[in-house]
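Colleague: Please take a close look at one part of this model and explain how it connects to what surrounds it. I would like the reasoning to be visible at each step.

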Amino acid sequence: DKFVWEYGIEKDCTLRMCSGLRGGMQALARALKSVGVRNASLAYRADAEVAGSSMDQREPTAEDWVKSLHMDTAVSRALRIPQNMALFEYLAVLDKTAVRDLLCAAKLEGLLETVWAGVEKANEHEASTLLEQCLQKARDAVVAADASLAAAPAAGKTPGDAEDDADRCWTFRKWLSTSSVTEAIADMLESRISRDGVPPTSQMQLEFARSLGRSGSRDVVLELLREGDVTSTLADGLWMEFSKVAKSTAATGEEWKSKFSIEAKFDMTFGSVDIFFGGLEALIGSPSANVLEAMRAEHCDARDSDIKWTTGNYEVETTSHTEWCFVCSPEKGPEQLGLTSWPTEAKLSSDADEDKRRKVRLGPVFSAILDTLNSQLRALNQVELGITELLGAVLYTGPMFEKYNTVNRGGALNTEQPEFMVNKFKDFCLLNRYTTSIHAINSAILKLSKLQDALVVYRGFSGGRLPESFWKKKQGTRGGVEFGFLSTTTDKKVAMDYASNGSLSTVLEIHMGMVDRG
């Protein structure tokens, strides 16, 4: 623990190092010195050990400790104390079994309790000294941070800025509310009423709490905590959380904002509230009244319809025309386009990935899917889904999502968007806005959202810097309006994987409500 606190070395790694070294802390001191550790007590010990330099304040040795117990030299010989070995090194490799064996071999077993009491007292002193050193470092860090904050210019700050700062500040309460530390108490309480390893039900837990409240006492609760060794478990949990904070490059909103500014490869762009209220029609235009024919023309007769591209996720080489036929007229086969087979996912080419590859859906399959969805919507007294809406939704789940979102994020009619997205819209879509198709997809999402549970979902990305609207409140809120269809996942690990593909990784945790679900 000493070395994790002072140097950020992994606790398990440190324990393995110490347990595997005959020289114990001497060898660890040498190792740390070799990589440049120079501060605090360990640096002093490393210097004294490796360089043999003389220090004004000599480190107490194990021999000094034995003398303080008023024992004769026989005890020193029995315990095999190396000459001039530092006390902290000796205590690090000492346990009661080893002391008993050594004393028994020297026929001094009657002194075991006296010697071991001395060991515990010395350990307590070492722990107390370490705690005070750590606390003093923490106090010094607080004073330095406070002085830095006082010296920082506050010009231009408004009451709203102060509120933003308060919201973004790091506190123990906020930190612990998101940590797993309190789980130790819940685990202990559950263990008292679980049966044969089966976790107690909600009702059992409630009744246990009520019973304790009626017939228990503070002493009973204290005994529960002692028996469950909760203090030790809490210490482990807190230790892990402290280590995470120490290693994180940014822990507050302001630190993250600074990190974004330094490491970002591009600025992310979101719409303002007026874009949201303007709706999709103001963004990309009005749909055609002849929906199915307009959707077909957008995919089959436009300037970009037969230009090949390869998707960035699964490497499907395809065209808009091909995707329309794959979804809307699959019974005619790829031959209708002069192809021998439908485009497939290059990244899912192995036999093990066969179930993950997309499948051709013929007319009867679409009809069955539509009937199932509409029966669920009717049961909720909601408007049913049309065939064009279903076709649009299915098209979006394939390669076409890249073109649709390029339109939304670079082909807006009513607002400025990033130049690189505008240029991508011109080059990739050749100014084809897929207006009716996108309206059909949007309508499908709105209708199907009635079947969606309100869940927590995640979105991972890397390299992008969030805009100022995510840091500064306006009308009591922070954030922005996503121009495109935002794909999310309920699996946080999937989002973390997406975010890890580059620098400045970010994961958004999105809590759906009854209005914005879906």
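**From one loop to its packed helices**

Modeller: Asn 381 lies in the loop that joins helix H20 (363-379) to H21, and I start there, keeping in mind that this is a predicted model. Although Asn 381 is not a glycine, its phi is positive, at about 60 degrees. Most residues other than glycine have a negative phi. With a relative accessible area of 73%, Asn 381 is exposed, because the cut-off for that class is over 50%.

The helix on the other side of this loop, H21 (residues 387-396), packs against helix H24 (residues 435-448), with the two axes 8 Å apart and at an angle of about 100 degrees. That angle falls in the range of 65 to 115 degrees, and H21 and H24 are therefore roughly perpendicular to each other. On the H21 side the contact is made by Thr 388, Glu 389, Gly 392, Ala 393 and Tyr 396, which meet Ala 440, Ile 441, Ser 443, Ala 444 and Lys 447 of H24. Sorted by class, the residues of this contact are five nonpolar, three polar and two charged.

From H24 the path leads on to Glu 298, a residue of helix H18. Once neighbours within four places in sequence are set aside, Glu 298 is in contact with Ser 305, Asn 432, Tyr 434, Thr 435, Thr 436 and Ser 437. Glu 298 counts as buried, because its relative accessibility is 11% and the limit for that class is under 20%. Between the C-alpha atoms of Glu 298 and Ser 320 the distance is 8.5 Å, while along the sequence these residues are 22 apart.

Ser 320 also takes part in the contact between H18 and H19, where Ser 320, His 321 and Trp 324 of H19 meet Leu 292, Met 295, Arg 296, His 299 and Cys 300 of H18. This contact divides into four nonpolar, three polar and one charged residue. The axes of H18 (residues 291-300) and H19 (residues 320-328) come within 7 Å and cross at roughly 140 degrees. Angles count as roughly antiparallel when they are over 145 degrees, and this one also lies outside the perpendicular range of 65 to 115 degrees, so H18 and H19 are oblique to each other.

Cys 300 brings up the matter of cysteine pairs. The sulfur of Cys 325 has its closest cysteine sulfur in Cys 300, at 5.2 Å, which is too far for a bond because a disulfide needs the two sulfur atoms within 2.5 Å. For Cys 328 the closest cysteine sulfur is also that of Cys 300, here at 7.9 Å and again too far for a bond. Cys 325 is buried, at 5% relative accessibility, whereas Cys 328 is partly exposed, at 25%. By this distance rule, the count of disulfides is zero.

A further helix to consider is H23 (residues 419-428), whose buried residues are Met 421, Phe 425 and Phe 428. They span an arc of only 90 degrees around the axis, which puts them on the same side of H23. These buried residues pack against strand E2 (309-310) and helix H22 (401-410), while the face of H23 turned away from them carries the exposed residues Glu 419, Phe 420 and Asp 427. Just after H23, Leu 430 takes a positive phi of about 50 degrees.

A parallel case is helix H8 (residues 96-105), in which Val 99, Leu 102 and Leu 103 are buried. Seen down the axis of H8, these residues fall within an arc of 95 degrees, so they line one face of the helix. Just after H8, Lys 107 has a positive phi of about 60 degrees. Gln 475, in the loop between strand E5 (464-465) and helix H25 (492-499), likewise has a positive phi, of about 55 degrees, although it is not a glycine. Gln 475 counts as exposed, at 72% relative accessibility.

As a setting for these details, the protein chain holds 25 helices and six strands, and 34% of its 518 residues count as buried. Among its contacts between residues at least 6 apart in sequence, 68% join residues at least 24 apart.

Methods: Residues are numbered from 1 along each chain as its sequence is written. This is a predicted model: local features need pLDDT of at least 70, side-chain atom pairs count only at pLDDT 80 or more; totals for chains, interfaces and linings use all residues. Side-chain values use heavy atoms; hydrogens and water are left out. Axes are lines fitted to C-alpha atoms, for helices over the stretch in contact, and angles run from 0 to 180 degrees between N-to-C directions. Helices (H or I, at least four residues) and strands (E, at least two) are DSSP runs, numbered from the N terminus. Angles under 35 degrees count as roughly parallel, over 145 as roughly antiparallel, 65 to 115 as roughly perpendicular and the rest as oblique. Contact means heavy atoms within 4.5 Å. Ala, Val, Leu, Ile, Met, Phe, Trp, Tyr, Cys and Pro count as nonpolar, Asp, Glu, Lys and Arg as charged, and the others, Gly among them, as polar. Buried means under 20% relative accessible area, exposed over 50%, partly exposed in between (1.4 Å probe, protein chains only). The arc is that of the directions from the helix axis to the C-beta atoms.
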